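Colleague: Please take a close look at a single part of this model and describe it in one connected account. I would like the criteria behind each term stated as you go.

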Amino acid sequence: KIGSPGDDLTPYERLIPDFLDAGRLALDVYNGKGVQGPAIQFLLPFGLAMANVRSVQLLHYPPTETFSYMDYLYSPTNIRWECLLVQNGIDRAEIPLLERIVDVVPIAADGGNSSVVDPYNDAFIDYGKAQIRNFLQASAGGFTAPLVAYGSPVSNWLWSAFREQIATQLQATGTGNPLGVLSLVTLDIVAGARTPVLCANHPSKYLYYSSVTLVDGGIDAERGGS
């Protein structure tokens with residue numbers, strides 16, 4: 001039971017059960033696939049904005065730090081993104097409404113250990129679609145809040161999940177994923193509304209090019225760890 005002396009909580013009568021239903025769908029996949037490995041565990045994106053979401057962030061998988069701090073937004077990735085939003089003029093008080101996260105693979109792992117998660121990327125397509133639909137509300141203008149997809153694993157997931165729609169819009173004739181950084185498509189995800197989707201780099205990507213050395217009068221970017 002939830003209650004509030006002054007707030008309308010009726011949206012949560014649908015949101016919370018649908019969130020849990022999607023979670024059960026994911027847990028069935030997790031158990032059915034026999035997911036196991038070092039330092040990985042099932043984890044849903046808890047404790048985030050639900051009823052007044054202004055965007056949905058698609059990320060690959062959650063960080064294991066979440067278990068230590070019990071705060072879904074406490075990770076270097078999310079903190080960097082918050083800083084970028086503030087630098088671009090977003091009111092800090094509005095940031096939580098822009099950070100509704102859906103991980104396309106609900107398996108927590110170390111930030112630099114995507115190899116243990118990659119084998120399960122396509123297994124959770126039905127879960128991802130269900131969880132995304134849960135947070136995209138149709139507006140009077142016929143659009144939902146936008147999706148932002150971070151990093152190539154997520155754009156590959158989108159290509160697997162919505163291949164026909166994406167191929168038609170981008171006039172893709174081959175079998176390879178045509179989505180790249182700054183690709184913009186509009187998908188039918190929620191009945192009666194269209195969802196704008198932007199593909200972006202991962203917020204941590206710049207760290208991989210943070211070591212810069214002058215070589216023969218030029219600049220040589222050395223890949224470094226995050």
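Modeller: What follows goes through the sheet strand by strand and then turns to the helices.

This is a predicted model, in which local features need pLDDT of at least 70 and side-chain atom pairs count only at pLDDT 80 or more, whereas totals for chains, interfaces and linings use all residues. Residues are numbered from 1 along each chain as its sequence is written, and side-chain values use heavy atoms, with hydrogens and water left out.

The chain has six helices and nine strands, where helices (H or I, at least four residues) and strands (E, at least two) are DSSP runs numbered from the N terminus. Five of these strands form an open sheet of mixed pairing, in the order E3-E2-E5-E7-E6; two strands are taken to pair if DSSP finds at least two bridges between them. E3 and E6 are the edge strands, each pairing on one side only. On average, and with direction ignored, neighbouring strands of this sheet are turned by 25° against each other.

Starting from the E3 edge, strand E2 (residues 56-59) runs parallel to E3 and is joined to it by four bridges, with Val56 having Arg100 as its bridge partner in E3. Further along the order, E5 and E7 are likewise parallel and joined by four bridges, and Val148 stands opposite Leu198 in E7. At the other edge, E6 is joined by four bridges to strand E7 (residues 195-200), and this pair runs antiparallel. Here Leu184 has Leu198 as its bridge partner in E7, while Thr186 stands opposite Pro196.

In a regular strand the side chains alternate between the two faces of the sheet. In strand E6 (residues 184-187), Val185 and Leu187 make up the covered face, and Leu184 and Thr186 the uncovered one.

Helix H5 (residues 152-161) packs on the sheet, where it touches E2, strand E5 (147-150) and E7, and its direction makes about 100° with that of E2. Contact here means heavy atoms within 4.5 Å; axes are lines fitted to C-alpha atoms, for helices over the stretch in contact, and angles run from 0 to 180 degrees between N-to-C directions. Trp159 lies in this helix and, at 5% relative accessibility, counts as buried (under 20% relative accessible area, with exposed over 50% and partly exposed in between, using a 1.4 Å probe and protein chains only). Beyond its neighbours within four places in sequence, Trp159 is in contact with residues including Ile166, Ala172, Thr175, Asn177 and Leu179. Asn177 is 18 residues away from Trp159 in sequence, with 6.1 Å between their C-alpha atoms.

H5 also meets H4: their axes come within 10 Å and cross at roughly 95°. The two helices are therefore roughly perpendicular to each other, on a scale where 65 to 115 degrees counts as roughly perpendicular, under 35 as roughly parallel, over 145 as roughly antiparallel and the rest as oblique. From H4, Ile125, Gly128, Lys129 and Ile132 meet Trp157, Ser160 and Ala161 of H5. By class, this contact has four nonpolar, two polar and one charged residues, with Ala, Val, Leu, Ile, Met, Phe, Trp, Tyr, Cys and Pro taken as nonpolar, Asp, Glu, Lys and Arg as charged, and the others, Gly among them, as polar.

H4 packs in turn against H1, at an angle of about 170° and with the axes 9 Å apart, so H1 and H4 are roughly antiparallel. Among the residues making this contact are Leu15, Phe19 and Ala22 of H1 and Tyr127, Ala130 and Phe135 of H4. The residues of the contact divide into eight nonpolar, three polar and three charged. H1 leads back to the sheet, since its buried residues pack against strand E3 (100-103) as well as strand E1 (41-42), strand E4 (107-108) and helix H4 (125-135). Those buried residues are Leu15, Phe19, Ala22, Gly23, Ala26, Val29 and Tyr30.
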